[in-house]
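Here is a structure to explore together, one question at a time. Have a look at it first, and then we can work through the questions.

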Amino acid sequence: MSLTVAIDGPAAAGKGTIARAVAEHFGFAHLDTGLLYRAVGARTLEGLPAREAAETLDPADLTRDDLRTPDVAQAASKVAVIPEVRAALLDFQRAFARRAGGAVLDGRDIGTVICPDAEVKLFVTASAEVRADRRFLELTEKGMKVARQEVLADVVARDQRDMERADAPLKPADDAVVLDTTSLSINAAVEAAIARVDTALRA
Ligand code: CDP
């Protein structure tokens with residue numbers, strides 16, 4: 001059995017939480033594709049050209065402990081506009097999506113470009129204010145010293161760069177189900193996502 005769940009949406013919308021919960025519920029594998037771009041971004045901050053950083057990405061790069069910082073997030077969204085960077089990461093994501101036993105991928109272009117044939121497509125969104133609040137809590141809980149205003153500015157700047165780029169811009173696939181979590185709890189969003197996958201499994 002191979003079933004792909006594509007979860008896209010803007011920064012800090014809750015994609016990761018929903019993706020992890022769906023994967024755990026159904027025993028599917030999960031790939032946070034943002035980590036790939038973050039790892040490439042982190043390597044460029046060390047002076048490596050973006051294309052080379054993507055083409056020589058190593059599994060160990062994905063376990064660096066600085067990948068969640070706002071600086072790396074910004075670097076990620078800057079390398080993400082470069083077509084050669086996106087191309088270098090494509091095959092790995094597609095192969096992951098079709099692995100036996102089911103897969104959940106979260107990112108920006110999973111339902112539109114990476115897996116246009118995914119059986120389930122969700123687009124998770126929320127207001128920028130709500131997303132910035134959630135990300136601020138997440139980062140401060142990890143012990144990072146960040147200002148709420150800076151977190152909001154990071155989220156807004158990345159959304160704009162992600163939506164305006166020519167290659168694989170952030171947008172819902174035509175057949176995606178939109179989950180707006182501005183006033184929907186993450187638990188309710190997880191339940192809605194699980195219900196969608198259940199329906200696809202029965203089809
Ligand atoms: O966790 P958060 O939603 O803040 O970001 P992320 O998913 O870790 O992604 C970091 C950055 O990588 C995004 O702002 C995008 O620019 C880029 N990205 C992308 O272009 N395509 C993807 N499939 C995933 C991430």
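Q: Is Ala 12 buried or exposed?
A: A word of context first: this is a predicted model. Ala 12 lies in the loop between strand 1 (4-8) and helix 1 (15-26). A residue counts as buried when its relative accessible area is under 20%. Ala 12 has a relative accessible area of 8%, so this residue is buried.

Q: What is the phi of Ala 12, about how many degrees?
A: Most residues other than glycine have a negative phi. Ala 12 is not a glycine, and yet its phi is positive, at about 60 degrees.

Q: Which atoms of Ala 12 lie 3.1 Å from an oxygen atom of the ligand, backbone or side chain?
A: A polar contact is a pair of N or O atoms within 3.5 Å, and a distance of 3.1 Å links Ala 12 to a ligand oxygen. The Ala 12 partner is an N or O atom of the backbone.

Q: How much of the ligand's area does the protein bury?
A: Let's start with the contacts. An oxygen atom of the ligand is 2.8 Å from a side-chain N or O atom of Arg 86, and a ligand oxygen is also 2.8 Å from a side-chain N or O atom of Arg 158. Taken alone, the ligand exposes 530 Å², and the share of this that the protein buries is 97%.

Q: Which residues come nearest to the ligand?
A: The ligand sits in the largest pocket, and 18 residues surround this ligand. Of these, the ones that come nearest are Arg 38, Arg 86, Arg 135, Arg 158 and Asp 162.

Q: How many residues of the shell around the ligand are charged?
A: Sorting the shell by class gives five nonpolar and four polar residues. Arg and Asp belong to the charged class. The count of charged residues in the shell is nine.

Q: Which helix gives the most to the shell around the ligand?
A: Three helices each supply at least two residues of the shell: helix 2 (34-45), helix 4 (70-79) and helix 8 (148-164). With three residues, the one that gives the most is helix 2.

Q: How far apart in space are Gly 34 and Ala 11, C-alpha to C-alpha?
A: Gly 34 lies in helix 2 and, because its relative accessibility is 23%, counts as partly exposed. Gly 34 and Ala 11 are 23 residues apart in sequence. In space, their C-alpha atoms are separated by 9.7 Å.

Q: How far apart in space are Val 156 and Asp 180, C-alpha to C-alpha?
A: Val 156 lies in helix 8, and a relative accessibility of 39% is why Val 156 counts as partly exposed. Along the sequence, Val 156 and Asp 180 are 24 residues apart. Their C-alpha separation in space is 17 Å.

Q: Which residue's backbone oxygen does the side chain of Thr 181 reach?
A: Thr 181 lies in the loop between strand 5 (177-180) and helix 9 (186-202). Thr 181 counts as buried because its relative accessibility is 0%. At 3.4 Å, its side chain reaches the backbone oxygen of Ala 13.

Q: Does Ala 168 count as buried or exposed?
A: Ala 168 is found in the loop between helix 8 and strand 5. Phi of Ala 168 is positive, near 50 degrees, in a residue other than glycine. Its relative accessibility is 8%, so Ala 168 counts as buried.

Conventions: Residues numbered from 1 in each chain as written. Predicted model: local features only at pLDDT ≥ 70, side-chain atom pairs only at ≥ 80, totals over all residues. Heavy atoms only, no water. Near = heavy atom within 4 Å. Polar contact = N/O pair within 3.5 Å; in protein donor to acceptor, adjacent residues only side chain to side chain. Areas by Shrake-Rupley, 256 points an atom, 1.4 Å probe, with all protein chains shown as cover. 1 Å grid on protein atoms, 1.4 Å probe; cavity = no way out; pocket = protein on both sides within 12 Å on 5 of 7 lines; lining within 4 Å. Sits in = over half its atoms within 2 Å of the grid points. Helix = DSSP H or I, 4+ residues; strand = E, 2+ residues; numbered from the N terminus. Buried < 20%, exposed > 50% of the residue type's maximum accessible area, 1.4 Å probe, protein only.
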